[in-house]
Amino acid sequence: MIKTGSNFIHVGQIHVDTKPILISTVLGSCIAVCLYDKRLCIGGMNHYLLPFWNGNGLQSLKFGNISIPKLIESMIDKGATCNTLEAKIFGGASINFSSCQTMMVGEKNILVAREILNDYKIKIVAEDVGGNNGRKIQFNLEQGKVLLKYTAKSNFGDM
């Protein structure tokens with residue numbers, strides 16, 4: 001059961017903690033990467049909207065190619081190593097059927113997460129990605145487990 005009162009993160013945010021807390025977010029085409037170090041019981045989650053920052057404007061954690069490395073760096077700053085990290089990825093749904101299918105933002109978000117985690121040699125131990133429904137997830141840093149609940153499509157948008 002997903003509990004209330006957890007630390008909620010929005011698009012463009014990262015939360016890394018050494019305490020046994022809950023981190024939650026709601027996803028549509030966005031992606032959340034959850035990293036966990038079993039040895040140190042350190043965990044972190046990001047939430048990004050688009051796969052790539054194109055170099056225009058300010059770098060932002062709203063982009064996967066900025067957010068994922070920053071999440072990894074934040075975990076390393078807390079004492080984790082890439083060898084001890086495990087990843088779980090969620091989101092990447094195709095929420096808006098009226099938009100051009102060539103955009104495929106959700107699919108691109110999934111691909112960038114897999115590629116960057118592979119570049120860092122961080123194993124993906126679980127994922128629930130794609131599809132047409134949004135997701136609410138809650139990451140329990142005490143156990144390293146993620147609870148997931150699908151959202152109703154008609155009442156959903158990325159947050």
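**Exercise 1.** Determine which residue forms a salt bridge with Lys38, and state how exposed each partner is.

*Solution.* Step 1: Lys38 forms a salt bridge with Glu86, and their closest N and O atoms are 3.7 Å apart. A salt bridge is a side-chain nitrogen of Lys or Arg within 4 Å of a carboxyl oxygen of Asp or Glu. Step 2: Lys38 lies in the loop between β4 (31-37) and β5 (42-47), while Glu86 belongs to strand β6 (residues 85-91), so the pair ties together parts that are 48 residues apart in sequence. Strands (E, at least two residues) and helices (H or I, at least four) are DSSP runs, numbered from the N terminus. Step 3: Lys38 counts as exposed at 56% relative accessibility, whereas Glu86 is partly exposed at 24%. Here, buried means under 20% relative accessible area, exposed over 50%, and partly exposed in between (1.4 Å probe, protein chains only).

The structure is a predicted model, in which local features need pLDDT of at least 70, side-chain atom pairs count only at pLDDT 80 or more, and totals for chains, interfaces and linings use all residues. Residues are numbered from 1 along each chain as its sequence is written, and side-chain values use heavy atoms, with hydrogens and water left out.

**Exercise 2.** State how many salt bridges there are by this rule, and describe those of Asp37 and Asp128.

*Solution.* Step 1: The count comes to four salt bridges. Step 2: One of them joins Asp37 to Arg39, with the closest N and O atoms 3.7 Å apart. Asp37 is buried, at 0% relative accessibility, but Arg39 is exposed, with a relative accessible area of 52%. Step 3: Asp128 forms a salt bridge with Arg135, where the closest N and O atoms are 2.5 Å apart. Asp128 is partly exposed at 22%, and Arg135 is buried at 3%. As background, side chains of opposite charge can pair when their charged atoms come close.

**Exercise 3.** Describe the open sheet of four strands and the surroundings of β3.

*Solution.* Step 1: The strand order is β1-β3-β8-β9, with mixed pairing; two strands pair if DSSP finds at least two bridges between them. β1 (7-8) and β9 (145-150) stand at the edges with a single partner strand each, so one side of each has no neighbour in the sheet. Step 2: β1 pairs with β3 (residues 22-27) in the parallel sense over two bridges, and Phe8 stands opposite Ser24 in β3. Step 3: β3 pairs with β8 (residues 135-140) in the antiparallel sense over six bridges, and Ile23 stands opposite Phe139 in β8. Step 4: Six of the six residues of β3 are buried, so this strand is largely enclosed by the rest of the structure. Leu22, Ser24 and Val26 are buried on one side of β3, as are Ile23, Thr25 and Leu27 on the other.

**Exercise 4.** Identify the residues of α1 and α2 that make the contact between these helices.

*Solution.* The contact (heavy atoms within 4.5 Å) is made by Gly64, Asn65, Ile68, Pro69 and Ile72 of α1 and by Val112, Ala113, Ile116 and Leu117 of α2.
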